[in-house]
Amino acid sequence: MAKAQKKQSRGDYLAETDKDLIGCSVMISYSRKDKAFVKNLYDALAVDDRNIWVDWEDIPPSADWLDEIHKGIEQSDCFLFVLSPDSIKSEVCNWEVDHAVKNGKRIIPVVCRDVDYREVRKELASLNWIFFRADGDDFNAAMKLLLKALDVDMRHARYHTKLLTRAIDWERHDFEKSLLLHGNDLQRAQHWLSASALGKEPKPTTLHLSFITASQALATSMKKRKLIAVFFAFIVAIGIIWPSWGVFFFSLVFSHFFVYFSSN
């Protein structure tokens, strides 16, 4: 299996790095009967040092194995599905497509052997196919089309993956508040969401939206708490400088009104 990507520090997780200048990362889903074709495809994609996730191991499905497959899909910017009569009937391949759809991945179908369009599931049938058939298709021309499809709106796709990885971590830790976005990361997420609303792909999933919304809510709450703390410090200072009951009573009433309106 391909190497997992290294985790960045949480302080500036969404900041661009040198790796973001390389092409979009990709997970390849295929039938073992198409392994020779996939190796050729892998070699052609690997020339520009992009991250490619492929499961080369012929091992029976297990919980740990499925977790690794899921991580490979979640941490890749694109999901490349190799269409063939065997892959469209493969239970494992269909599991992988399910997870890619659930996580809102950019899905790119490539045809290595002819399939009956009517037998292809709608999530794949509705997309543009790139043809790599041995009997007549130009491999180099098809590669150009594939690279273009992989890297369109590259930065947007990268942010989709980074945000998804953070959101999944947040979900798996029972929505722990300390894992929410803040500061520059939250601003970048809001800009990314605005770009998605203007038509950029891939679109955010429900988990993306929940994660960003919860982060915004926490940021707003923290701002209000800081304002309340500053105000109470001001009230205490007044009480020390002018220790009269009238001033104290006025300050106490006023502070209650401030707390009430700040929390709404």
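Trainee: Which residue of E4 stands opposite valine 82?
Mentor: This is a predicted model: local features need pLDDT of at least 70, side-chain atom pairs count only at pLDDT 80 or more, and totals for chains, interfaces and linings use all residues. Residues are numbered from 1 along each chain as its sequence is written, and side-chain values use heavy atoms, with hydrogens and water left out. Strands (E, at least two residues) and helices (H or I, at least four) are DSSP runs numbered from the N terminus. Opposite valine 82, in E4, stands valine 110.

Trainee: How many bridges join E3 to E4?
Mentor: Pairing requires that DSSP finds at least two bridges between two strands. E3 and E4 run parallel. Cysteine 78, for one, has arginine 106 of E4 as its bridge partner. The number of bridges joining E3 to E4 is six.

Trainee: What hand does the β-α-β unit of E3, helix H3 and E4 have?
Mentor: Look with the strands pointing away from you; if the path from the first strand over the helix to the second runs clockwise, the crossover is right-handed. Here the helix is H3, residues 91–102. The unit is right-handed.

Trainee: How many bridges link E1 with E3?
Mentor: E1 covers residues 26–29 and E3 residues 78–83, and they pair in the parallel sense. Methionine 27 has phenylalanine 79 as bridge partner. Serine 29 stands opposite phenylalanine 81. The bridge count for E1 and E3 is four.

Trainee: Which are the edge strands of the sheet?
Mentor: The sheet is open, with its five strands in the order E2-E1-E3-E4-E5 and parallel pairing. An edge strand here pairs on one side only. That describes E2 (52–54) and E5 (130–131).

Trainee: Which residue of E5 is the bridge partner of valine 111?
Mentor: E4 and E5 pair in the parallel sense over two bridges. For valine 111, the E5 partner is phenylalanine 131.

Trainee: What angle does helix H5 make with E4?
Mentor: H5 (residues 139–151) packs on the sheet and touches E1, E3, E4 (106–111) and E5. Contact means heavy atoms within 4.5 Å. Axes are lines fitted to C-alpha atoms, for helices over the stretch in contact, and angles between N-to-C directions run from 0 to 180 degrees. For H5 and E4 the angle is about 170°.

Trainee: How many residues of E3 are buried?
Mentor: Buried means under 20% relative accessible area, exposed over 50%, and partly exposed in between, with a 1.4 Å probe and protein chains only. Cys78, Leu80 and Val82 cover one face, while Phe79, Phe81 and Leu83 cover the other. E3 is largely enclosed by the rest of the structure, because the buried count is six of six.

Trainee: Which residues of E4 are buried on the side opposite Arg106, Ile108 and Val110?
Mentor: E4 is mostly covered, with six of its six residues buried. In a regular strand the side chains alternate between the two faces of the sheet. Both faces of E4 are covered, and the other side holds Ile107, Pro109 and Val111.

Trainee: Which residues have the most contacts inside the largest nonpolar core?
Mentor: A nonpolar core is a set of buried Ala, Val, Leu, Ile, Met, Phe, Trp, Tyr and Cys residues joined through side-chain atoms within 4.5 Å. The largest one has 23 residues. E1, H1 (35–45), E2, E3, E4 and H5 each supply at least two of them. The most contacts belong to Leu45, Val110 and Leu146.

Trainee: How many residues does the other core have?
Mentor: This core lies apart from the largest one. Among its members are Met27, Phe79, Val120 and Ala125. Its residue count is 19.

Trainee: Which residues does leucine 146 touch?
Mentor: Residues up to four places away in sequence are not counted. The list is Leu41, Leu45, Leu80, Ile108, Val110, Ile130 and Phe132.

Trainee: Which residues does the cis peptide bond join?
Mentor: Most residues other than glycine have a negative phi, and most peptide bonds are trans. In this bond omega is about 0°. Proline 202 sits in the loop between H7 (183–197) and H8 (206–241). The bond joins glutamate 201 and proline 202.

Trainee: Does aspartate 49 count as buried or exposed?
Mentor: Aspartate 49 lies in the loop between H1 and E2. Its phi is positive, about 65°, although it is not a glycine. At 58% relative accessibility, aspartate 49 counts as exposed.

Trainee: What is the relative accessible area of aspartate 153?
Mentor: Aspartate 153 is in the loop between H5 and H6 (154–172). Its phi is near 50°, again positive. Aspartate 153 is partly exposed, at 31%.
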